[in-house]
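Here is a short note for someone opening this structure for the first time. Please read the points with the model in view.

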Amino acid sequence: MFTRLRRRVMQGGGIVGYKINGAKQWISNGGVADAYTVLANAPGGPTWFIVEKDAKGFSQDKPEEKHGIRLSNTAALAFNDVRVDVDRLIGGVEGQGLLQAQAVFGYTRLMVAAFGLGAGWAALDRAIPYSTKRIQAGAPLSEKQGYTHKLIVPNVARLEASRAYIEETADRIDVGEGSLNTEGAIAKYMATEAGNQAAEASIQALGGYGYTHEYMVEKIKRDVRITTIYEGTSEIMEMTISRDRWQSHLKTRGQHYHEEARKLEAVHTQHPDAGANIAALSMHALAEVMERARVGRLTRFQHILLRMGELIAYAECAGSLSRRAAGMAENKLNEKTSQRFDATALAAISRIFAREAVLKVAEEGLRWVVGAAGVNESEIAGFETSLGLPAVHRAQAGLISDMDYVADVLYNRVTKRAGLAA
């Protein structure tokens with residue numbers, strides 16, 4: 001929480017404490033905690049303090065009536081000349097608060113990303129078995145592409161792309177690469193948006209039942225919704241992602257994502273089924289979109305920055321999922337890795353998501369650059385060529401076949417169909 005200090009408390013020429021004033025809303029466990037970490041704007045800059053629940057001048061409001069996570073106590077707090085001793089200043093030095101916060105965002109946002117991932121799968125794990133029993137027009141919903149290919153398979157692909165990025169980022173943190181704040185933002189953005197979409201699709205998948213308390217997906221949808229808001233909204237994540245990767249683009253003279261694409265092309269040579277070549281196309285297209293944004297000075301438009309954040313998240317998650325598929329084929333993934341899908345199924349899921357990512361990057365990138373007057377009429381054709389649109393469209397070949405296969409895997413039909421073919 002961010003409050004303001006009224007003054008330092010001085011004694012004998014030295015600082016012995018502080019008086020905190022202000023208020024903060026939406027505090028998790030705000031009404032029940034015994035101690036609070038408070039970010040206050042001290043004379044030396046933003047600073048963290050520890051405040052005890054019974055401190056004089058400190059009060060908590062009644063719990064909020066929320067849309068979801070209703071058992072989680074959330075309350076507003078108020079500070080009226082709350083005295084804290086100097087030994088309650090975290091780190092012992094004023095002005096370190098934002099640096100200290102940044103040091104943990106990579107971890108905390110990764111944690112919320114995992115919430116989104118888990119909630120999304122919890123919803124799908126209810127929609128999938130339901131569809132095997134719900135008969136419509138003489139056949140179960142699970143046999144109908146209009147159900148599986150709209151409501152189930154695309155959400156599986158987005159969730160597994162999120163899982164790949166979460167675990168890849170966690171592995172990098174574990175080996176000492178730092179807190180990886182931008183990667184944490186990408187993981188949180190992708191997983192929470194995917195989890196929210198999967199829960200929404202699961203309500204639709206259950207029809208009227210999905211809208212009732214009895215079938216649980218309604219509760220999952222209410223609970224997962226907060227993950228796109230707390231620990232930084234999706235819009236803040238988009239801005240964080242865009243600003244950081246924009247600096248990478250500038251520092252490498254526009255080569256950052258072209259270089260990432262070449263790495264994925266190398267993965268493709270070893271594992272041609274993992275979707276890395278399609279993910280590489282999205283990286284090349286992203287580099288071109290960002291370069292046009294640079295030349296046209298389009299980052300002066302806040303909306304362009306936000307949309308670039310979304311495109312970056314999709315492209316990077318496509319790359320991560322293709323690396324995961326390649327790693328699974330080589331049996332090189334962490335022993336704790338989810339075994340829900342084998343290497344063949346994961347490769348198909350990777351191709352599905354990579355196709356979605358490359359189409360989004362290329363076509364929406366074109367849309368926003370043209371829409372912001374980043375190219376004139378005579379330059380549009382050249383921009384379309386630089387984006388590799390013909391290759392992007394050709395990459396969509398095989399999409400329905402891959403979706404069919406993933407649906408068969410989800411519904412345990414692969415072995416049965418193989419037996420029939422034999």
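**Notes on strands and helices**

1. Start with the hairpin. Two residues link β3 to β4 in a hairpin. The two strands, β3 and β4, pair in the antiparallel sense. Eight bridges hold that pairing. For one bridge to look up, take Ala40: its partner in β4 is Thr47. Keep in mind throughout that this is a predicted model.

2. Next, look at β2 and β6. Strand β2 covers residues 14-28, and strand β6 covers residues 74-85. They too pair in the antiparallel sense, over nine bridges. Which residue of β6 stands opposite Lys19? The residue is Arg83.

3. β6 has a further pairing to check. Strand β5, residues 58-60, is joined to β6 by three bridges. These strands run antiparallel. Here Phe58 stands opposite Phe79 in β6.

4. Now the salt bridges. How many does a search of the whole structure find? The search finds 30 salt bridges. One to inspect is between the side chains of Lys53 and Asp34, at 3.1 Å from N to O. Lys53 sits in the loop between β4 (45-52) and β5, and Asp34 in the loop between β2 and β3 (35-42), so this pair ties together parts that are 19 residues apart in sequence.

5. Turn to the helices. Two packed helices are described by the angle between their axes and the distance between the axes. Take α1 (residues 97-133) and α2 (residues 145-174). They pack at an angle of about 150 degrees, and their axes are 10 Å apart. Angles over 145 degrees count as roughly antiparallel, and α1 is therefore roughly antiparallel to α2. The crossing of α1 past α2 is left-handed. By class, their contact has 18 nonpolar, six polar and two charged residues.

6. α2 also packs with helix α3, residues 181-206. The axes of α2 and α3 come within 9 Å and cross at roughly 155 degrees. That angle makes α2 roughly antiparallel to α3. α2 passes α3 in a left-handed crossing. What classes of residue make up the contact of α2 with α3? The contact divides into 13 nonpolar, seven polar and three charged residues.

7. Move along the chain to helix α7 (residues 276-295) and helix α8 (residues 302-329). Their axes come within 9 Å, crossing at roughly 155 degrees. α7 and α8 are therefore roughly antiparallel to each other. Is the crossing of α7 past α8 left-handed or right-handed? The crossing is left-handed.

8. The contact of α7 with α8 can be followed residue by residue. From α7 come Ala276, Ala279, Ser282, Met283, Leu286, Met290 and Ala293. They meet Met308, Leu311, Ile312, Ala315, Glu316, Ala318, Gly319 and Ser322 in α8. By class, this contact has eleven nonpolar, three polar and one charged residues. Glu316, in α8, is among the residues to find on screen.

Methods. Residues numbered from 1 in each chain as written. Predicted model: local features only at pLDDT ≥ 70, side-chain atom pairs only at ≥ 80, totals over all residues. Heavy atoms only, no water. Axes fitted to C-alpha atoms, helices over the stretch in contact; angles between N-to-C directions. Helix = DSSP H or I, 4+ residues; strand = E, 2+ residues; numbered from the N terminus. Parallel < 35°, antiparallel > 145°, perpendicular 65-115°, else oblique. Left-handed = near helix turned anticlockwise from the far one by under 90°. Nonpolar A, V, L, I, M, F, W, Y, C, P; charged D, E, K, R; others polar. Contact = heavy atoms within 4.5 Å. Pairing = 2+ DSSP bridges. Salt bridge = Lys/Arg side-chain N within 4 Å of Asp/Glu carboxyl O.
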